[in-house]
Structure formats: structure tokens, C-alpha cells
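Student: I would like to learn how to read a protein model step by step, beginning with a single strand and ending with the whole chain. Could we do that together?

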Amino acid sequence: CPHGYRAHRDDCYRFYGGKNAQNYSGARQVCQENGGDIYMWRGAAAVARLKRRLKSDHSPSLWVGLSDADLEETFLWADGLALDGNDFTDWSWDQPHNTAEKDCVVARRVHRYRWKVVPCSYRRAFICQSPRAP
Ligand SMILES: [Ca+2]
């Protein structure tokens, strides 16, 4: 795994918070420099496990790896796939409450890590994921 990362199954992960928090593009750049990308909050079971951990750690709010910066109202995961109607979502309200000024999805601590759309320029914590070297 890259320096500071921890292995879990076939991938390596690292949490970046505090002074290492970044705006959304900066966060993705950090992850890409380590051979991966920002961790995408996909899958109800994986997200539930992650949220239990974040709650016990009192983690700050984190980027989710989902944005509509390229085309308003079309949310894309960091890997370029569009958010599908069948994908797991965890909005704080029934709807994203999306605007043109807010393009990046954050899991907010005050909402128990449910999702909200905020400006991508905010500095937030994030998790990087890189494939584990064979
Ligand atoms: Ca938007």
C-alpha cells in the first residue's frame, strides 16, 4: 500500500482530515497521486460499516466522491459513472436540494453522515482508495 494507507481486502485506504482536508478537486488529486481516487460511498452495507466507524471516531464531514460539477443535475461518481436510480443514496432530505453553486456531495457530521450538496471549494476530510499492489 502507499505510505500511510491501510490494506483492507483488495484495496488500500487512507483517511485525510484536519490540516489535510482539501477542496474536492484537491482531494481527488491527492488520491490520484497515490494511484487511486477518492473513496466513493457506494453500497448500503459498506456505507453502514463506515458510518459506524465515523460516529465512534467523531469524524469531521467528508467528501462522498459524487459531484454534478460537469453538468448540473447529473451527478457523477469519481470514476465517471452517473448516479443511477438504483444506486444507494443517503440524502439528508428526500431530495439533494441541489443548486448551480453547490456541486459536491458531503457526508455531514451534524446529519450523522447523511448527504448534502455543498460548494466544491469547501475544504473537507476525505478517504482515498488505491488498489493493493499484487
Ligand atoms: Ca449542483
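Student: Along strand 2, which side chains are buried and which are not?

Tutor: Keep in mind that this is a predicted model. In strand 2, residues 11-16, the side chains alternate between two faces. Cys 12, Arg 14 and Tyr 16 point to one face and are buried, while Asp 11, Tyr 13 and Phe 15 point to the other face and are not buried. Buried here is a matter of counting, because a residue earns that word if 20 or more other C-beta atoms lie within 10 Å of its own.

Student: How do strands of a sheet pair in general?

Tutor: Strands of a sheet pair through backbone hydrogen bonds, and the pairing can be parallel or antiparallel. In this model, strand 1, residues 6-8, pairs with strand 2 in the antiparallel sense over three bridges, and Arg 6 stands opposite Tyr 13 of strand 2. These two strands form a hairpin with two residues between them, where Arg 9 takes a positive phi near 55°.

Student: With which strand does strand 2 pair over six bridges?

Tutor: That is strand 8, residues 126-131, and the pairing is again in the antiparallel sense. Tyr 13 is useful for following both pairings, since Arg 6 stands opposite Tyr 13, and in strand 8 the bridge partner of Tyr 13 is Gln 129.

Student: In what order do the strands of the open sheet lie?

Tutor: The open sheet has four strands in the order 5-4-6-7, with antiparallel pairing. Its edge strands are strand 5 (76-77) and strand 7 (114-118), each of which pairs on one side only. Strand 7 pairs with strand 6, residues 104-108, over five bridges in the antiparallel sense, and one residue pair to look for is Arg 108 with its bridge partner in strand 7, Arg 114.

Student: How many helices and strands are there in the protein chain, and how compact is the chain?

Tutor: The protein chain has two helices and eight strands, which follow one another from the N terminus as β-β-α-β-α-β-β-β-β-β. Its radius of gyration is 14 Å, close to the 14 Å that the globule rule gives for 134 residues, so the chain is as compact as a globular protein of that length. Along its principal axes, the C-alpha trace spans about 40 × 30 × 30 Å.

Student: What share of the residues is buried?

Tutor: Buried residues make up 31% of the 134 residues. As for contacts with a separation of 6 or more, 66% of them are accounted for by residues 24 or more positions apart.

Technical notes. Residues are numbered from 1 along each chain as its sequence is written. This is a predicted model: local features need pLDDT of at least 70, side-chain atom pairs count only at pLDDT 80 or more; totals for chains, interfaces and linings use all residues. A residue is buried if 20 or more other C-beta atoms lie within 10 Å of its own, exposed if 12 or fewer, and partly exposed in between; C-beta atoms are placed from the backbone. Two strands pair if DSSP finds at least two bridges between them. The radius of gyration is taken over C-alpha atoms; the globule rule is 2.2 Å times the number of residues to the power 0.38. Two residues are in contact if their C-beta atoms, placed from the backbone, lie within 7 Å.
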